Amino acid sequence: MTAAEIARLAGVGRAAVSNWRRRHADFPRPVGGTETSPSFALAQVTDWLRAQGKLAEVPLRERVWQYVTAHPGGSVAALVKAGSALLLVRDRPREWLEAAAVSDERMATLLAPALDRVLALRFGPAHPLGATAPLPSASVPFLRAAAELAAELGTRGAFEFLLGRHLEANPRQYTLTPDGLALLMAALARPHSGAGTGSTGAAGAAPFTVLDPACGTGTLLRAVPGATTRYAQDSSPELASLAALRLALQSDAPVRAAAADSLRADAFARPAAEPVDAVLCHPPFNERNWGHEELAYDPRWEYGLPARAESELAWVQHALAHLREGGTAVLLMPPAAAARRSGRRIRADLLRRGALRAVVALPAGAAPPYGIPLHLWVLRRPAPQAAPPAGLLLVDTAALADGPGPGPGRAGWAAVHSAVEEAWTAYERGGPAPDVPGVRRVVPVVDLLDDDVDLTPARHLPPPAAGGGLAELTAVRDRLDSTLTRAARLTPPAPPADAKDRPAAAPARLPLTTVGELARAGALLLYTGTGSGAGRAPVLTEYDVSAGTGPSGTLAAAAEQPLLTAPGDVVVPLTGGAGVARVVDAATAGAALGRGLQLLRPDPAALDPWFLAGFLRATANNRRASSHASTTTRLDVRRLELPRLPRTEQEVYGARFRALAEFEDALRLAARLGEQLVQGLYDGLSDGTVRPD
């Protein structure tokens with residue numbers, strides 16, 4: 001473990017760990033790492049901290065995670081071992097209990113064949129995890145601890161926790177599909193009749209098989225409820241293994257996984273493999289080395305050989321080749337794939353033959369890369385005797401974004417889901433689907449078959465009425481007037497007129513404490529958000545906290561109950577470097593705490609929440625408590641300071657901080673309304689709905 005991880009265990013800053021190393025001759029010596037970034041043995045460090053009275057007990061989650069980071073084969077190898085053991089605990093609990101009842105040395109001998117049996121049973125003989133090597137007895141305490149964590153969180157919850165920590169620790173190593181996007185893609189892929197949407201194994205439920213040929217960590221396949229078989233393939237053996245374990249721990253449905261390049265070495269090619277009911281895919285973008293030369297005569301290119309620069313159209317045809325007649329594929333695509341001239345012939349053939357049914361433009365920030373509005377393509381493998389549809393559904397959800405700029409968490413998934421599913425359901429039923437200006441339209445295929453075959457939704461949708469029409473513009477202006485009046489009333493009073501002539505007083509030196517000390521004393525509780533859990537609670541995201549908006553995220557499915565906010569809680573973003581702290585009110589209470597947020601729950605008898613939030617926002621305070629990585633700033637909430645004051649004096653500060661927060665909210669609302677009014681007037685003057693006189 002590193003010095004930063006020691007600091008996290010003890011609830012102190014990294015400077016304190018450096019001081020301990022200098023001042024205490026018995027502090028454990030480094031066992032690895034470098035001179036500037038040494039690593040230490042977990043057992044030695046915890047023994048030393050406990051002997052010094054700096055640690056009562058290592059939390060179980062932290063202890064298991066430290067086993068993962070210290071694994072000699074790396075974190076991924078540790079996750080695969082832990083996931084395999086958790087699968088044995090889940091599927092064959094008696095076999096696990098019999099192995100766990102003996103010594104570590106004997107357990108290591110028993111586990112290897114037991115793991116091989118359960119992996120072959122769930123994944124088939126040709127799974128990507130390979131044969132389990134003999135386990136060293138030193139690995140057994142880690143697996144015992146993982147099973148202990150499963151008793152607390154469930155086998156699925158334990159693996160999701162460890163995998164989530166690994167992905168958080170390596171954000172630049174993986175391109176992840178957000179959970180909100182995965183749920184939307186899964187909803188579009190489900191049969192309209194509802195087949196396959198019930199619970200696995202339900203009486204009378206029709207089989208529903210699904211494939212992801214670029215599965216990553218399995219997020220898309222995990223989002224499909226009721227799938228009877230899940231097929232996963234990825235060019236990375238590590239990702240294929242993690243996805244397989246993640247899916248197997250989710251349900252009893254069979255999982256078939258393979259580690260190979262899907263375009264060059266298709267593990268589920270027909271006729272050896274049966275066609276599937278649905279394909280979900282977030283393929284790699286802009287790949288030139290996808291196999292253009294060696295795959296030139298591949299039978300999958302039914303709609304034309306993709307150009308070297310059109311790797312995405314190769315993935316589209318790969319998906320169609322695996323579908324049964326009438327099966328649905330949903331792919332995440334870069335916007336350029338809808339307009340590049342090199343792909344116009346393939347796009348035209350997809351339209352003529354009825355394979356491409358819908359193109360949905362998502363808000364910027366829906367998925368990485370966050371700066372561009374990605375598209376969803378919904379495709380259907382046409383039956384030979386069926387007439388192709390007369391029109392293509394085009395949907396543009398850019399106006400439904402929660403924030404004014406691109407960035408993770410700003411997609412506004414609740415509104416996007418509603419708009420896209422409503423449009424798709426109406427289109428699928430074949431009934432009248434009225435156009436919604438600026439949002440959706442069914443465009444006749446013949447109108448799209450021009451020289452460019454440009455399928456970008458915004459180019460074919462009628463523009464929305466300017467600002468919602470004259471009545472809406474008038475309402476926005478009236479609301480802006482009242483908001484500006486309120487902001488003026490809430491403006492903090494200026495210092496006395498003669499204050500500039502007075503000698504500067506020395507700042508008051510108040511006794512200080514830290515959030516970490518208050519937590520250890522029981523004056524407040526600390527919780528870290530995950531954005532996952534059971535139920536349907538909305539998720540309060542980092543963007544929501546920073547922008548002062550309501551909860552906009554959706555829960556990632558997990559077995560445990562989510563942490564819900566309550567009035568008086570204080571929520572702080574952990575990244576970004578800006579001093580932000582939000583007090584939860586009645587409108588925000590009951591939301592699940594999102595990933596990247598820390599919740600402070602003060603004891604009402606000891607701390608005023610507005611006093612706490614106000615001092616946490618101080619610029620100097622945030623600088624002292626922040627550490628800097630290569631691409632971001634991370635806040636150590638435990639190091640934030642605030643004065644030691646009686647409850648009555650806290651309330652005086654709290655009332656002033658609360659007034660400042662109300663003033664800030666009024667300014668934010670005025671800014672949003674002003675932007676809406678200005679843009680509406682620009683649009684109205686341009687399209688003639690507003691007269692210049």
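Here is a short chat about a predicted model.

Trainee: Let's start with L555. Where is L555 found?

Mentor: Look past strand-and-helix elements for this one. L555 comes after α19 (542–547) and before β15 (570–573). That puts L555 in the loop between α19 and β15.

Trainee: Is L555 buried or exposed?

Mentor: A residue counts as buried when its relative accessible area is under 20%. L555 has a relative accessible area of 10%. Since 10% falls under that cut-off, L555 is buried.

Trainee: Which residues is L555 in contact with, leaving aside its neighbours within four places in sequence?

Mentor: Among them are G531, S532, G533, A534, G535, R536, A537 and V539. L555 also touches P562 and A592. The list is completed by L183.

Trainee: And how far apart in space are L555 and P643?

Mentor: In sequence, L555 and P643 are 88 residues apart. In space, going C-alpha to C-alpha, the separation is 36 Å.

Trainee: On to the sheet with β15. What is the order of its strands?

Mentor: It's an open sheet of 4 strands with antiparallel pairing. The edge strands, each pairing on one side only, are β13 (524–528) and β16 (582–583). β15 pairs with β18 (residues 597–602) over 4 bridges, and V571 stands opposite L599 in β18. Put together, the order is β13-β18-β15-β16.

Trainee: Which helix packs on the sheet?

Mentor: The helix to look for touches β13, β15, β16 and β18. Its direction makes about 15° with that of β15. That's α20, residues 609–616.

Trainee: What is the handedness of the crossing of α4 and α8?

Mentor: The axes of α4 (residues 60–69) and α8 (residues 140–153) come within 10 Å and cross at roughly 145°. Residues meeting there include Y67 and V68 in α4, and F142 and L149 in α8. By class, the contact has 10 nonpolar, no polar and 4 charged residues. As for the crossing of α4 and α8, it is left-handed.

Trainee: Last one: which helix gives the largest share of the largest nonpolar core?

Mentor: That core has 89 residues, and W96, F123, L280, L332, L362 and L376 touch the most other members. Leaving aside neighbours within four places in sequence, W96 is in contact with residues including A85, L88 and V89. Another core, of 43 residues, lies apart from it, with L263 and L461 among its members. The largest share of the 89-residue core, 10 residues, comes from helix α5 (residues 75–91).

Technical notes. Residues are numbered from 1 along each chain as its sequence is written. This is a predicted model: local features need pLDDT of at least 70, side-chain atom pairs count only at pLDDT 80 or more; totals for chains, interfaces and linings use all residues. Side-chain values use heavy atoms; hydrogens and water are left out. Helices (H or I, at least four residues) and strands (E, at least two) are DSSP runs, numbered from the N terminus. Buried means under 20% relative accessible area, exposed over 50%, partly exposed in between (1.4 Å probe, protein chains only). Contact means heavy atoms within 4.5 Å. Two strands pair if DSSP finds at least two bridges between them. Axes are lines fitted to C-alpha atoms, for helices over the stretch in contact, and angles run from 0 to 180 degrees between N-to-C directions. A crossing is left-handed if the near helix is turned anticlockwise from the far one by less than a right angle, and right-handed if clockwise. Ala, Val, Leu, Ile, Met, Phe, Trp, Tyr, Cys and Pro count as nonpolar, Asp, Glu, Lys and Arg as charged, and the others, Gly among them, as polar. A nonpolar core is a set of buried Ala, Val, Leu, Ile, Met, Phe, Trp, Tyr and Cys residues joined through side-chain atoms within 4.5 Å.
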